Structure formats: structure tokens, C-alpha cells
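Please explain how this protein chain is put together, starting from its overall make-up and then moving through its sheet, the helices beside that sheet, and a few individual residues.

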Amino acid sequence: MMDRLSRIRWPDVALAVVLAALSVWWTVHASRGDVPAMPFQDFHDGPVRPVPPGAFIVQEDDQSIGREIVLNLLITLAVVLRRIWPLSVVLVQFTAILAFENGADLVTTVATLIGVYSVCLYGRSTALSLGVLAVLATITTLAFDNTTPQLPDWAGVFALVAPIGLLGVTVRAARIRAETAHQRAEALERGQEAATRLAVAQERARIARELHDVVSHHVSVMTIQAGAAGKVIDTRPELARDALTAIEASGRETMTELRHLLGVLSPGPDDDLLHPQPGLDQLDALVDNVRRAGQPVQVHREPVTLPRGTDLTAYRVVQEALTNALRHAPGARTEITIDVVDTTVDIEVRNDPPPPGVTPASTGSGTGLVGLAERLRLYGGTLEAGPRPTGGFRVRASIPLDANLPAGAA
């Protein structure tokens with residue numbers, strides 16, 4: 001209850017005080033015959049007394065004046081609670097009107113019409129509010145024989161209550177429409193924000209995969225080349241020189257790919273954003289780079305033309321598999337097979353166990369294969385990876401030839 005009372009508005013308090021003061025003033029002056037006829041007059045306790053236009057109501061004694069003042073204050077001060085308990089307010093107001101001996105005055109009628117407007121606007125149910133008003137108006141019509149303005153007995157109260165009630169219903173409907181539109185706009189905005197966050201997350205995942213593929217492969221190659229160069233630098237400096245040359249070439253290639261990838265995020269004046277990303281057409285260069293690192297690689301390849309995104313994905317499959325072979329089985333025989341079966345491109349990379357006495361460069365975290373599987377899923381492809389029964393490791397990917405980049409993917 002205290003929570004509801006805390007919702008009382010100061011404008012309602014001010015309005016109630018003004019109406020109460022005016023009603024008291026009106027009642028006192030009516031006792032002296034200084035005010036004109038009232039909207040609701042001539043209660044059914046006595047004979048019907050036609051009231052000509054401009055007639056005055058005269059109170060007979062102080063007790064009657066005090067009773068009128070109490071009823072007026074009850075009706076006008078109830079306006080304070082019109083937003084909290086609108087139905088109760090209008091019931092109290094109409095009950096008080098029926099208790100008048102000579103009818104309600106103009107100020108009290110205005111306060112009652114404010115209650116009628118409030119119950120239609122703030123009531124829990126529009127149908128309930130209109131039903132209660134219809135019953136109250138009917139009872140009031142039966143109770144009073146004369147109203148101002150002068151209308152037939154059945155129409156006087158309805159002529160005052162109906163327009164105000166319909167106004168409240170109209171304003172209520174307009175507010176509901178406005179609130180619905182506001183909620184719909186907020187829902188749309190939240191949906192757009194969610195879609196934006198999803199697109200940003202997908203783009204970040206794509207960039208992370210690209211960075212992993214580029215950095216992981218080239219750094220692995222450079223690490224192995226540097227290790228080989230360190231072992232032969234004293235005995236066979238020409239081999240060490242070749243290894244260092246290969247490291248330089250791999251580093252330059254890494255910088256080129258990183259510059260292209262990060263240039264999309266923050267392009268500089270010298271970035272060539274139109275330079276294409278790698279595909280199977282650069283497979284020979286990739287294999288040569290791995291061979292220079294000491295990994296014997298054989299390629300069995302069926303020529304195929306792929307869409308740009310699918311071509312990049314196929315290249316990344318081979319790159320990730322060769323990187324893993326360099327890490328986990330350096331110097332082991334590795335075989336690449338690319339076939340076209342019906343409408344699917346099958347890519348398989350197999351490597352033997354590492355030669356005796358060779359220690360793997362690193363164990364890895366396995367995130368590269370996870371990212372690769374996600375990349376393939378975007379194109380409707382699948383990835384299989386695991387140890388071979390005869391030893392070594394196998395990576396096999398299948399990509400549909402008619403794969404299209406899905407909506408929202410980079």
C-alpha cells in the first residue's frame with residue numbers, strides 16, 4: 001500500500017486542493033443564493049421541482065451546509081488517488097453525489113468527471129471501467145429528475161459522462177499504441193545490437209583463425225630452419241646460409257600476409273588491400289617452403305577451380321596439416337592428396353611417425369584444428385583428424401564444390 005501511495009503525483013494533489021477550495025467557496029455562496037443552478041438537482045425524496053435556467057439553490061441551515069461541504073471535500077479530495085485507485089475514486093464520487101439533498105455543484109461535477117476520465121485511462125480493464133460507468137450513470141439518471149444542461153431524464157447524466165469516458169478510452173488506446181511501438185522499436189534495436197555483436201564476434205573469430213594459420217605455419221618453418229642452421233653453421237656453412245635465406249623468405253611472406261590481414265582492420269596508405277589471399281594456386285610455394293625446412297613432401301593433386309572463399313579454406317587445410325607435421329613429426333614423410341569426387345573436394349594430408357631420435361618441436365594446443373573445423377563448417381564441409389593405425393597422423397577435409405559463404409560469415 002505504501003508503494004502505491006508513493007506514486008501520488010504532486011499535480012494531482014494541487015488539483016485536488018484547488019477543487020476542494022472552490023467547492024467550499026461555492027457551497028458557502030450557494031447558501032446565500034449567489035450561484036446558479038447545479039448540474040444534478042432535485043433528488044427523488046420529494047416532488048419534482050422544475051428548475052428554470054439561471055435558478056439558484058438556497059441552503060436552509062448550517063447543518064445542511066456542513067453536510068454539503070463534507071460531501072464536496074470527499075469528492076474533490078478523492079482526485080488525489082485517481083491514478084492509484086481510479087475505480088474506487090469514481091465509486092466514492094458517484095456515491096457522494098447521490099447523497100446530496102439538492103444536487104452537486106459545478107466544481108464537484110468537474111471533479112467527478114475527472115474521476116470518470118481517470119477510470120477510463122488508468123483502470124485495469126477498459127471493459128470493466130465502461131461497465132461500471134454505465135451502471136453508475138444509470139443509477140444517477142434514475143435518482144435525479146433534472147440536470148443542467150436541460151435534457152431528457154435518461155440522457156442528462158450520459159451527456160456528461162459518455163464523452164469524458166470515451167476521451168479517456170481514446171487516450172488510453174493511444175498510449176497503448178505508443179508504448180507498443182516503443183517496445184517494438186526497443187526490441188528491434190536490441191536485435192540489431194545482437195546481430196552487430198554476433199557479426200563482430202564472427203569477424204574476430206575469422207581474424208583469429210587467419211592469424212593462427214599464418215603465424216603458426218611460418219613461425220614453425222622458421223624455427224625448424226633456425227635449428228637446422230645452428231647445427232651445421234660450423235661444419236657446412238653453405239647449408240646454414242640456405243637455411244637463413246629460407247628463414248628470410250618465410251619471414252617476408254609472413255609479413256606480407258599479416259600486413260594484408262591487419263590492413264583490413266586499419267588500412268594504411270601503402271597497404272595493398274586488393275592483393276588476393278592465398279589459395280591452391282600457391283600450393284607449390286607452400287610445399288617448397290616446407291621441403292626447405294627438411295620435411296619430405298609428396299603431392300598428388302587433381303586440378304580444380306574453387307570459389308575464392310573455398311579456395312582459401314582448402315589452402316588453410318593443407319597449411320595447418322603441414323604445420324602440425326612439422327611440429328609433431330619433423331623429417332617424417334608427408335603426403336598430400338587432393339581429389340574431386342562428384343561435387344566434393346577431398347583433401348587428405350598424411351604423415352609418417354618421426355624418424356628415430358627426432359624430438360617433436362612442440363606438442364601444440366590443438367586450437368588450430370578446432371578453428372579449421374569451424375572454418376570448414378561455414379562452407380558445409382567436414383574435418384577428420386587423428387592418428388593413423390600404422391603410426392603418424394592424418395587430416396582429411398571434405399568441401400562441397402557449390403559451397404557458398406553463409407550470411408553473417410566473413
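The paragraphs below go from the whole chain to the sheet, then to the helices and cores, and finally to single buried positions.

The model shown here is a predicted one, and its protein chain has 11 helices and 7 strands. Buried residues make up 41% of the 410 residues in the chain. Among the contacts with a separation of 6 or more, 73% are between residues 24 or more positions apart.

A useful place to begin is the open sheet of 5 strands, whose order is E3-E4-E5-E7-E6 and whose pairing is mixed. Its edges are strand E3, residues 297–301, and strand E6, residues 382–387, each of which pairs on one side only. Neighbouring strands of this sheet are turned against each other by 10° on average, with direction ignored.

Following the order of the sheet from E3, one meets the parallel pairing of E3 with strand E4 (residues 334–341), which extends over 5 bridges; within this pair, Val-297 has Thr-334 of E4 as its bridge partner. E4 then pairs with E5 in the antiparallel sense over 8 bridges, and here Glu-335 is matched with Arg-350 of E5. E4 and E5 form a hairpin with 2 residues between the strands, in which Asp-342 takes a positive phi near 60°. On the next step, E5 and E7 are again joined by antiparallel pairing over 8 bridges, with Val-345 standing opposite Ile-399 in E7. E5 itself is mostly covered, since 7 of its 8 residues are buried.

Two helices lie across this sheet. Helix H9, residues 283–292, lies across E3 and E4 and runs at about 165° to E3, whereas helix H10, residues 308–328, lies across E3, E4, E5 (344–351) and E7 (393–400) and runs at about 10° to E5. In H9, the residues Leu-283, Leu-286, Val-287, Asn-289 and Val-290 are buried. Why do they lie on the same side of H9? They cover an arc of only 160° around the axis, and therefore they share one side of the helix. An α-helix has 3.6 residues a turn, so residues three or four places apart point the same way. Just after H9, Gly-294 takes a positive phi of about 100°.

The next topic is the nonpolar interior. The largest nonpolar core has 29 residues, of which Val-318, Leu-322, Ile-336, Ile-338 and Ile-347 touch the most other members. Helix H7 (156–232), H9, H10, E4, E5, helix H11 (367–378) and E7 each supply at least two residues of this core, and H10 gives the most, with 7 residues. Apart from this core lies another, of 14 residues, among them Leu-19, Val-80, Ile-97 and Ala-111. Returning to Ile-338, and not counting residues up to four places away in sequence, one finds that Ile-338 touches Leu-280, Leu-283, His-300, Arg-301, Glu-302, Val-345, Asp-346 and Ile-347.

Two further positions can be read against this background. Thr-313 is found in helix H10, and because its relative accessibility is 1%, Thr-313 counts as buried. Beyond residues up to four places away in sequence, Thr-313 touches Arg-375, Leu-376, Tyr-379 and Ile-399. Gly-368 has its place in helix H11 and is buried as well, with a relative accessible area of 6%. Leaving aside neighbours within four places in sequence, Gly-368 is in contact with His-212 and Glu-320. The C-alpha atoms of Gly-368 and Val-317 are separated by 9.9 Å, while these residues are 51 residues apart along the chain.

The last stop is Asp-12, which is found in helix H2, residues 10–30. Is Asp-12 buried or exposed? With a relative accessible area of 3%, Asp-12 is buried. The side chain of Asp-12 makes a polar contact with the side chain of Arg-83, at 2.6 Å. Once neighbours within four places in sequence are left aside, the residues in contact with Asp-12 are Val-79, Val-80, Arg-82 and Arg-83; of these, Val-80 is also named among the members of the 14-residue core.

How values were computed:
Residues numbered from 1 in each chain as written. Predicted model: local features only at pLDDT ≥ 70, side-chain atom pairs only at ≥ 80, totals over all residues. Heavy atoms only, no water. Helix = DSSP H or I, 4+ residues; strand = E, 2+ residues; numbered from the N terminus. Buried < 20%, exposed > 50% of the residue type's maximum accessible area, 1.4 Å probe, protein only. Polar contact = N/O pair within 3.5 Å; in protein donor to acceptor, adjacent residues only side chain to side chain. Contact = heavy atoms within 4.5 Å. Pairing = 2+ DSSP bridges. Axes fitted to C-alpha atoms, helices over the stretch in contact; angles between N-to-C directions. Arc of directions from axis to C-beta. Core = buried A, V, L, I, M, F, W, Y, C linked by side-chain atoms within 4.5 Å.
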